Amino acid sequence: MMRTKDNTEIGRRTVRVFFAIWPDSKAQRQLGGLVKRLRLETLCGGRKTKAENIHLTLVFVGEVHPDKLEILCRVASGIRDSGAHAFDLVVEKICYWKHKGIVYGEIGRIPQELMNLVAALQDGLSDAGFSLEQRAYRPHITLMRNASCQTLPELMEPIAWRVREWALVKSEQTSDGSVYVPVGRWSLDS
Ligand code: 2AM
């Protein structure tokens, strides 16, 4: 049996969950195309993120027992009911985070609505008894892992989409890599 930092037992039935935003289909195609270019046009080695897995994490919750999913959904519904607002996300640049070994899409101007949503989630989850990472939130869209890069492609034009919803997602490890399964979705006010 494994144990978490606070010495809680992790049984085999825990699930790994996080709150995240998925790009719309056009932005997903553009970001997926970018991942291909990273391989073809640069000296970037590493593990590509599959197009369908490309996302922006809002809050990483970690391993929880399945009976906690209902509480997570309740926290999310409370935030939706309080009237969180839609916003635009614009990826303006490709960056390499050497010490984490990731290549990621950087959000140019971080929308206040995004930070409000993350803060509301962090507060709601803490109040509900979840212990979250203390690191400052740094929004990024991981395109490649275990990466080592010499050069990075320039973005011809920004990749933008209107964020109208967010999701709670379960991460499952398979022989084919991570599979992300939505547990719940919540809309943002237009
Ligand atoms: P990453 O892309 O920078 O690895 C699913 O694993 C998502 O949760 C990924 O977006 C991942 O960020 C993020 N994540 C994984 N482990 C995390 C952790 N310990 N703290 C914060 N985010 C994490």
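**Exercise 1. In this predicted model, decide whether Thr 14 is buried or exposed, then locate Thr 14 in the chain and find the side chain with which it makes a polar contact.**

Solution. The relative accessible area of Thr 14 is 16%, and since buried means under 20%, the residue counts as buried. As to its place in the chain, Thr 14 belongs to the loop between strand 2 (9–10) and strand 3. From that loop, the side chain of Thr 14 makes a polar contact with the side chain of Glu 63, at 2.8 Å.

**Exercise 2. Treat Thr 49 likewise: state where it is found, whether it is buried or exposed, and which backbone oxygen its side chain reaches.**

Solution. Thr 49 is found in the loop between strand 4 and strand 5. Its relative accessible area is 11%, so it is buried. The side chain of Thr 49 reaches the backbone oxygen of Thr 142 at 3.1 Å, and Thr 142 is itself one of the residues around the ligand.

**Exercise 3. Establish how many disulfides a search of the whole structure finds, which cysteines are joined, and what handedness follows from the torsion about the S-S bond.**

Solution. The search of the whole structure returns one disulfide, which joins Cys 44 to Cys 149 with an S to S distance of 1.9 Å; this value satisfies the cut-off, which requires the two sulfur atoms to be within 2.5 Å. The torsion about the S-S bond of Cys 44 and Cys 149 is about 80°, and the disulfide is therefore right-handed.

The next step is to place the two ends. Cys 44 lies in the loop between helix 1 (25–41) and strand 4 (45–48), while Cys 149 lies in the loop between strand 8 (140–148) and strand 9 (159–163), so the pair ties together parts that are 105 residues apart in sequence. Cys 44 is buried at a relative accessible area of 5%, and Cys 149 also counts as buried, at 14% relative accessibility.

Finally, Cys 95 is in no disulfide, because the nearest cysteine sulfur, that of Cys 149, is 11 Å away, whereas a disulfide requires sulfur atoms within 2.5 Å. Cys 95 is buried too, with a relative accessible area of 9%.

**Exercise 4. Describe the shell around the ligand: which strands supply at least two of its residues, how its residues divide by character, and which side chains have polar atoms at given distances from ligand atoms.**

Solution. Begin with the composition. The residues around the ligand include Arg 16, Phe 18, Thr 57, Phe 60, Lys 100, Arg 135, Arg 145 and Tyr 180, and the shell divides into three nonpolar, four polar and five charged residues.

Next, assign the residues to elements. Strand 3 (15–21), strand 5 (56–64) and strand 8 each supply at least two residues of the shell, and the largest share, three residues, comes from strand 8.

Then consider the polar distances. An N or O atom in the side chain of His 55 is 2.7 Å from an oxygen atom of the ligand, and for His 140 the corresponding distance to a ligand oxygen atom is 2.6 Å. Glu 133 places a polar side-chain atom 3.0 Å from a nitrogen atom of the ligand. As a last step, the ligand taken alone exposes 470 Å², of which the protein buries 76%.

**Exercise 5. Identify which residues of the largest nonpolar core touch the most other members, and which element gives that core its largest share.**

Solution. The largest nonpolar core has 50 residues, and those touching the most other members are Phe 19, Ile 21, Leu 72, Leu 125 and Trp 166. Helix 2 (residues 69–81) contributes the largest share of this core, six residues. Apart from this core lies another of five residues, among them Phe 18, Ala 167, Val 169 and Tyr 180. Leu 72 is found in helix 2 and counts as buried at 0% relative accessibility.

**Exercise 6. State where Asn 146 lies, what is notable about its phi, and whether it is buried or exposed.**

Solution. Asn 146 lies in strand 8, and its phi is near 45°, a positive value in a residue other than glycine. For comparison, most residues other than glycine have a negative phi. With 58% relative accessibility, Asn 146 counts as exposed.

How values were computed:
Residues numbered from 1 in each chain as written. Predicted model: local features only at pLDDT ≥ 70, side-chain atom pairs only at ≥ 80, totals over all residues. Heavy atoms only, no water. Helix = DSSP H or I, 4+ residues; strand = E, 2+ residues; numbered from the N terminus. Buried < 20%, exposed > 50% of the residue type's maximum accessible area, 1.4 Å probe, protein only. Near = heavy atom within 4 Å. Polar contact = N/O pair within 3.5 Å; in protein donor to acceptor, adjacent residues only side chain to side chain. Areas by Shrake-Rupley, 256 points an atom, 1.4 Å probe, with all protein chains shown as cover. Nonpolar A, V, L, I, M, F, W, Y, C, P; charged D, E, K, R; others polar. Core = buried A, V, L, I, M, F, W, Y, C linked by side-chain atoms within 4.5 Å.
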